[in-house]
Amino acid sequence: MNSNGKYSLIFNGLFTIFMVAPLVVVIGVSFTPTGYLEFPPSGLSLRWFRAILDNPDFIDAAWISLKLGVCSATVSTIVAVPAALAIGRERFLGREALQALFLSPLTVPTVVLGIAFLRLLSLLEINGTFIGLTLCHAIIITPFVLRLVLSSVVGIDQSIEKAAVSLGASGWVVFRRVTLPLIMPGVVGGWVLAFITSFDELTVTVFIVNPSTTTLPVRLFSHITQTTDPLIASVSTMVILFTVALMLLINRFYGLDRLLMGESR
Amino acid sequence: MSFLEIKALTKRFFDMTAVDDFSLSVERGEFVSLLGPSGCGKTTTLQMIAGFEDPSSGSIILNGRNLSKVPARKRGLGIVFQTYALFPHMTVEQNVAFGLEMRGISGDDRRQKIANALDLVKLSHLAKRFPKAMSGGQRQRVALARALVIEPELLLLDEPLSNLDAKLREEMQLELRRIQQDAGVTTLLVTHDQSEAMALSDRIAVMQNGRLMQIGTPFDTYESPKSSFISNFLGKSNCLDARLISTGDDGAKLDVNGIQITGPAVNLLPGKVLISLRPERIDIVDSAEGVLPARVLERIFLGDQWLFRLETTIGNLLVVRRNRGRREAEPGETVHIAWLPEHLRILPQSQENVA
């Protein structure tokens with residue numbers, strides 16, 4: 001069925017190795033019994049995984065990142081779905097401008113955004129709070145959700161919705177029973193992408209956290225600036241495990257290709 | 001008053017008039033086709049009846065109810081879309097059930113109605129399938145069942161057969177007619193396919209440039225087209241410039257490129273006219289009976305018939321002959337043609353140019 005030539009197989013093999021190598025190294029390092037980073041590890045030990053339990057601030061940070069990811073991805077999805085429906089199918093004055101505005105967080109350098117958010121949150125007197133973080137993350141990740149939802153909105157045959165209307169469905173019923181199920185691949189895909197983006201966001205976040213709202217990437221970053229022990233490797237391994245589990249779960253219930261390609265049923 | 005009464009319906013988009021002063025009466029149970037080329041306003045007319053477009057002016061009255069102020073979802077019309085517009089995330093059964101759900105019909109009543117609708121379109125065995133796993137013809141039937149299950153006062157069909165291949169389209173034409181008659185539902189079909197319109201309809205309304213040009217039974221419209229546009233749109237036709245010399249009780253006398261011919265009496269003033277002659281009404285005959293000599297330019301074999309292109313002194317003519325299994329004239333041969341004067345149609349020259 002697949003007719004990959006020899007060279008394309010070699011290329012793909014090398015490419016896969018290149019992609020996976022850093023992960024292999026991190027996972028390998030996390031099992032070292034020594035007190036420093038070494039690869040390949042001289043033995044197999046769970047010493048640095050036990051060390052995570054002795055550092056509850058990492059676990060707290062992970063919880064904050066998780067909650068922040070869920071909240072900000074949800075907020076941005078709630079904003080992006082109606083926006084995508086309007087931009088994708090209506091023709092109104094300022095439509096292009098609105099779309100550009102929604103996508104602008106992608107084009108502004110994140111350092112600049114970080115400073116801007118810092119000032120804004122200070123003015124609003126919510127700097128360092130969870131709500132402030134959620135709002136900032138929601139802004140950064142909205143472009144991802146918007147783009148995925150938009151591509152599924154544009155792909156809908158609008159006569160399907162007209163059919164629902166002709167059968168007696170009100171606007172809300174059409175949305176809930178027809179439109180939403182049809183754009184669901186884009187919505188779920190956008191949400192997951194947004195969650196992942198929020199979960200490992202560092203550049204902006206580092207400006208706007210305080211000790212009580214430190215996220216996992218910020219915690220790891222500040223740990224590295226002080227010491228370089230294999231603790232960061234074991235934490236990273238846990239994050240990789242969590243991501244793989246998430247992907248397996250999505251694949252089981254939803255289909256990864258549908259998520260990543262935005263392919264509809 | 002008729003069951004469906006459309007009066008002076010007009011739709012303007014900015015400076016473009018899509019539908020212009022369109023009036024039509026449809027009786028209960030009747031099957032009427034809106035026929036015309038793309039851009040003639042037939043789809044816009046359907047959209048206005050369905051409630052998806054607001055008319056600029058005019059009215060639509062269905063069974064004594066003025067639809068102008070009724071939103072699309074409360075009009076209770078059954079609509080079959082060109083793309084079928086099935087809900088892809090629902091099974092056949094759920095698709096058909098949707099309209100009943102919206103009407104609050106549940107339980108045994110709902111089950112019974114769904115069963116009847118699927119029975120009508122002969123899809124009872126596929127109730128649990130998803131549309132994706134069905135053929136074009138089957139999806140078409142699901143769309144019909146979904147539209148008919150709500151027992152609409154009016155069924156609107158928007159180019160329902162154009163996405164099917166030729167063979168299936170013919171089958172579905174017969175099937176569609178049977179379903180429409182079984183359900184006894186008043187039906188309006190929008191199509192650009194003249195054979196579809198002729199096969200299905202009680203009456204055909206031909207549209208051009210947003211206007212209704214002619215309405216009548218398929219036979220009358222085909223036999224007595226009011227313009228060369230209609231004679232060419234409904235079937236094939238030979239249209240020639242001619243001059244009407246005189247017309248009276250004994251018929252019309254015409255001059256076509258210097259040749260004198262006769263035709264049926266018409267209510268037109270002498271002067272420039274068009275004559276239209278159907279290819280199947282021209283006969284290739286022995287020289288003694290011939291009206292005109294003609295040279296065969298080319299011939300095409302179509303299985304059940306032959307199509308000839310002939311060169312004559314009055315112009316090139318298309319001629320269709322049934323394949324009787326005999327030898328037919330070959331390109332280059334000279335033959336003689338004849339037709340009955342009453343098969344000639346004399347049309348005004350200028351109607352073409354009416355904007």
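This report walks through a predicted model with chains A and B, looking at each chain and at the contact they share.

## Chain A at a glance

Let us begin with the overall make-up of chain A. The chain holds 12 helices and 0 strands, so its pattern along the sequence is an unbroken run of α elements, α-α-α-α-α-α-α-α-α-α-α-α. If you place a box along the principal axes, the C-alpha atoms of chain A fill roughly 70 × 60 × 30 Å.

How much of chain A counts as buried? The share is 34% of its 265 residues. The contacts inside chain A are also worth a look: taking those with a separation of 6 or more, 74% are between residues 24 or more positions apart.

## Where the chains meet

Now turn to the contact between the two chains. Chain A brings 16 residues to it, and chain B brings 18 residues. On the chain A side, the elements that give two or more residues are α7 (158-166) and α8 (171-199). Of these, α7(A) supplies the largest share, with 7 residues.

What kinds of residue does chain A place against chain B? By class, there are 9 nonpolar, 4 polar and 3 charged residues on that side.

## Two domains in chain B

Chain B is divided into two parts: domain 1 covers 4-228, while domain 2 covers 236-353. Taken over C-alpha atoms, the centres of these domains of chain B are separated by 38 Å.

The domains do touch: 4 residues of domain 1 of chain B are in contact with 7 residues of domain 2 of chain B. On the domain 1 side, the touching residues divide into 1 nonpolar and 3 polar, with no charged residues.

## A closer look at strand β4 of chain B

Strand β4 of chain B, residues 57-62, is a good place to zoom in. One partner is strand β1 of chain B, residues 4-13, and the two pair in the antiparallel sense over 5 bridges. Within this pairing, you can find B:K7 standing opposite B:S59 of β4(B).

β4(B) also pairs with strand β5 of chain B, residues 65-66; these two run antiparallel and are joined by 2 bridges. Here B:L62 has B:R65 in β5(B) as its bridge partner. Together, β4(B) and β5(B) form a hairpin, with 2 residues between the strands. In the turn, look for B:N63, which has a positive phi of about 50°.

Terms used
Residues are numbered from 1 along each chain as its sequence is written. Chains are lettered from A and ligands numbered from 1 in the order in which they are written. This is a predicted model: local features need pLDDT of at least 70, side-chain atom pairs count only at pLDDT 80 or more; totals for chains, interfaces and linings use all residues. Helices (H or I, at least four residues) and strands (E, at least two) are DSSP runs, numbered from the N terminus. Ala, Val, Leu, Ile, Met, Phe, Trp, Tyr, Cys and Pro count as nonpolar, Asp, Glu, Lys and Arg as charged, and the others, Gly among them, as polar. Two strands pair if DSSP finds at least two bridges between them. Domain bounds come from an automatic or database domain assignment. A residue is buried if 20 or more other C-beta atoms lie within 10 Å of its own, exposed if 12 or fewer, and partly exposed in between; C-beta atoms are placed from the backbone.
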